[in-house]
Amino acid sequence: MKLSTYNFLTSMAIKGVKVGFPLKLTISKKEVVESEFNPTFVERILPKLDWSAVYGAAQVAELTEDIPAVQPENIGENELLLQKLHHLLFEIDVLEGQLECPETGRVFPITDGIPNMLLNEDEV
Amino acid sequence: MTSYRKYILWFAQEHVDFRVQEFDSLVKMFGLQVRRLTEQTLKPFWLVEFRDKEAALKYASRSVLLRAIFELYAHANNLTEFHETLRNHVDTNRHALAGYFRPDTSFKIVVETYNKHFSQREKVAKIESMDYLPIEGTVNLKNPQVEWWYIEFWGLDPTDVPPEPKDILFGRLLASGQRHLIKDLSLKQRKFIGNTSMDAQLSLLMANQAMVREGDLVFDPFVGTGSLLVSAAKWGGYVLGADIDYMMVHARCRPSRITQKVREKDESIRANLKQYGCADRYVDVVVADFSNRLWHPRISFDSIITDPPYGIREATEKVETKNSSKDNSRREDMVHYPSTSHYSLQSLYGDLLEFAARHLRLGGRLVCWLPFHREDYDPKMVPHHQYLNLLANSEQPLTGNTARRLLTYEKCSEYSSPDRSLASATQMSTLPQDFRDRYFNNDLESRKDRRMRKAEQREQGRVEMEARGKIPSNGRSKKCSLNKARFN
C-alpha cells in the first residue's frame, strides 16, 4: 500500500463510526520502489489530500524532516517539496502492517502490500 | 479565415456500434474542430474534415477502431468523375504536392477494395489507370517514403455486390491507428489473467471513452485481474483498484489458463503493469466491499472504468449484513472470512452511479458495462442519475440472446447531497429480472423442455431406423461389457 492510498482510506463503514479517519498506521515491513517523478500529477493530487494524514504518514515512515507539520502555501512552486512528497506518497510501499480504526480499534491487516478492508457481517 | 482539410478514415469492421462514440470522445478529449462528411457510419471509410494535419494525427494517436488515416486527394461515386477529380487535384495543388512526386522520393500504391475481390493483375490495371499522375520516383514496396492508397468501396452486403463501386477514393497515407496495441496488450501473453479479463481492444476502447489522459487518477471498483487498469495506465493514467475477492486480488485463485495448474508466485496486477512498462502508473489495489463506504469524501477520480460482475462467470456478492452476532463463536486470533450475500445488479448499479456522482471530478467520466437479455431490452432500463449525463450507449452481442451495453456517463454538476437518506438520486426502472436468474432458468425453453425434446427426437430416430429394417445395436450394453472385460 502506498501512503497516498492511506490518505484516502477510512473505516466509516463500521457500524457506529462517524468519521473513521485518519486510520492509525503501523508498518512492519516496507520497501522503496523508485518511480518517475511527475510534478503535475503530484500537484493535481494535492488538493485531494488531508495534510494531517500526510504528516501522520511521514511520522510513521520516519520522514518528518522532509514534510512540514502544517501545509505550506504555494507548494506548486516548491519543486523540492514536491519531490519529497512524491517519495513519501508514491515510492514507499507498505508490504506488511496494519491500519487501525481510530474510533473502534478494529484492525485491518496489510499483507503483500494489499490492505484488506473487508468487514465482518456483524460489523456493517 | 477558417479552413478545413479533408481526410479519409479507414476503420476496422469490428465493434461497429462503438465507432461514432469513440470518435466523439477523442474529438472532445483533444478539443478538435472537426466536420463529419459521411452520414452512413456503418461504412468502413469515412470522410472527415480536420483543421490541420496535427489534429488528424492526434486523433490517430489514440483510436483503436481506426486502421489508418489518409489525406484525401479525390473522392467520387463513379470512375470517370474520380479520374477527373484526381487529375484536377494534382493539377491545382502542383506546388504543394511536388515534394511527393520528386525523382528521389520512393513510393508505393496500395489498392484496397471492400466487399469485392480482385486479382493482382486487376489491381495493377487499376494503378495503371492513373498513369497521368506525375510520379517520377522509384517504386519501393517494402519501405516507401510516400504511400498512396486507391480505395474502392463496393457496399456492405456481400450477397448484393453492386455492378459498380459505390465510392472510389484516393489519398496519401498519413498515419496508422493504434490497432497494434491490441496485439501488444493481448491477454494471450499477459502474466495475470482471470475468467473475466477484458480483451485488449475493448479495454482500450473503454479507456478512450473515459478520456483517460496523462496524469489522470483512474479507479476500478471491481478490478479483478486489472485488465481495465492496463489500458488506462497505457494512456498515462495512474490506476487504483478494489475488489471483494481476496484470492483474486492476491492472485491466489484458480488459474484460468488450461495449461496452468497453479498460479505462479509473481502473478499480480502490478506485474501486469510492469510487463507493459507502466509500473510507475500503479498506485494500489485494495480488498474491499463496494456496497460499503470506504473512500474519504475528499478523493476525486478523473474517471471510473469498470466491468461489474454479472453473476455468470464471476459472482455478484457483497458482505452480508447480520444484526445478531449470537452465532459468532470466533476469537480475536482466528482468521475469519465474512460470509457474502447476493448483490443484485440493480442495487449494484445504484451504488455504482451514486459512487460516481460523489467521487468523480466535474466532467469526469464513468464507463461501465450493463448485461441484459436482448429480447427485453428497453432504453428505459438504462440507469440514470441526476448528477450524471448519459453520453454513449452501445451494444456488444455476447451469446444468442444476451448482450451488454457500454455506458458512458459524464458528471454534469457538483454533488450536493451529503445525506445518505436522500441519496436515491439514481433512477432505474427495475431491471426485468435478475440477469443471472434469467440466464440460467428462464431461457427461451427451459432445461427440462430441451431434455424432453431431445429424448423425443432420439426416440423418433430409433423408430424410423427400425422401420427401415436396421437392427439397433445396444450401444450401452456393448460399452458395459467392454468395460467388464477390461477388469476381469
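This report walks through a predicted model, looking at how its chains meet, how chain B divides into domains, and how a sheet in chain A is built.

## Where chains A and B meet

Let's start with the contact between the two chains. Chain A brings 30 residues to it, and chain B brings 32 residues. On the chain A side, α1 (3–6), α2 (39–45) and β4 (114–115) each supply at least two residues. The biggest share comes from α2(A), with four residues.

What classes of residue make up the side of chain A that touches chain B? There are 14 nonpolar residues, together with eight polar and eight charged ones.

## The domains of chain B

Now turn to chain B. Its domain assignment gives domain 1 (5–178) and domain 2, which is written in two pieces (202–319 + 336–432). The C-alpha centres of these domains of chain B lie 38 Å apart.

The contact between them takes eleven residues from domain 1 of chain B and twelve residues from domain 2 of chain B. On the domain 1 side, four residues are nonpolar, three are polar and four are charged.

## A sheet in chain A

Back in chain A, you can find an open sheet of four strands in the order β1-β2-β3-β4, with antiparallel pairing. Why do β1 (24–32) and β4 of chain A each have one side without a neighbour in the sheet? Both stand at the edges and have a single partner strand, so one side of each is left free of a neighbour there.

For a closer look, follow β3 (residues 107–111) of chain A: two bridges join this strand to β4(A), and the two run antiparallel. Here T111(A) stands opposite I114(A) in β4(A).

Key. Residues are numbered from 1 along each chain as its sequence is written. Chains are lettered from A and ligands numbered from 1 in the order in which they are written. This is a predicted model: local features need pLDDT of at least 70, side-chain atom pairs count only at pLDDT 80 or more; totals for chains, interfaces and linings use all residues. Two residues are in contact if their C-beta atoms, placed from the backbone, lie within 7 Å. Ala, Val, Leu, Ile, Met, Phe, Trp, Tyr, Cys and Pro count as nonpolar, Asp, Glu, Lys and Arg as charged, and the others, Gly among them, as polar. Domain bounds come from an automatic or database domain assignment. Two strands pair if DSSP finds at least two bridges between them.
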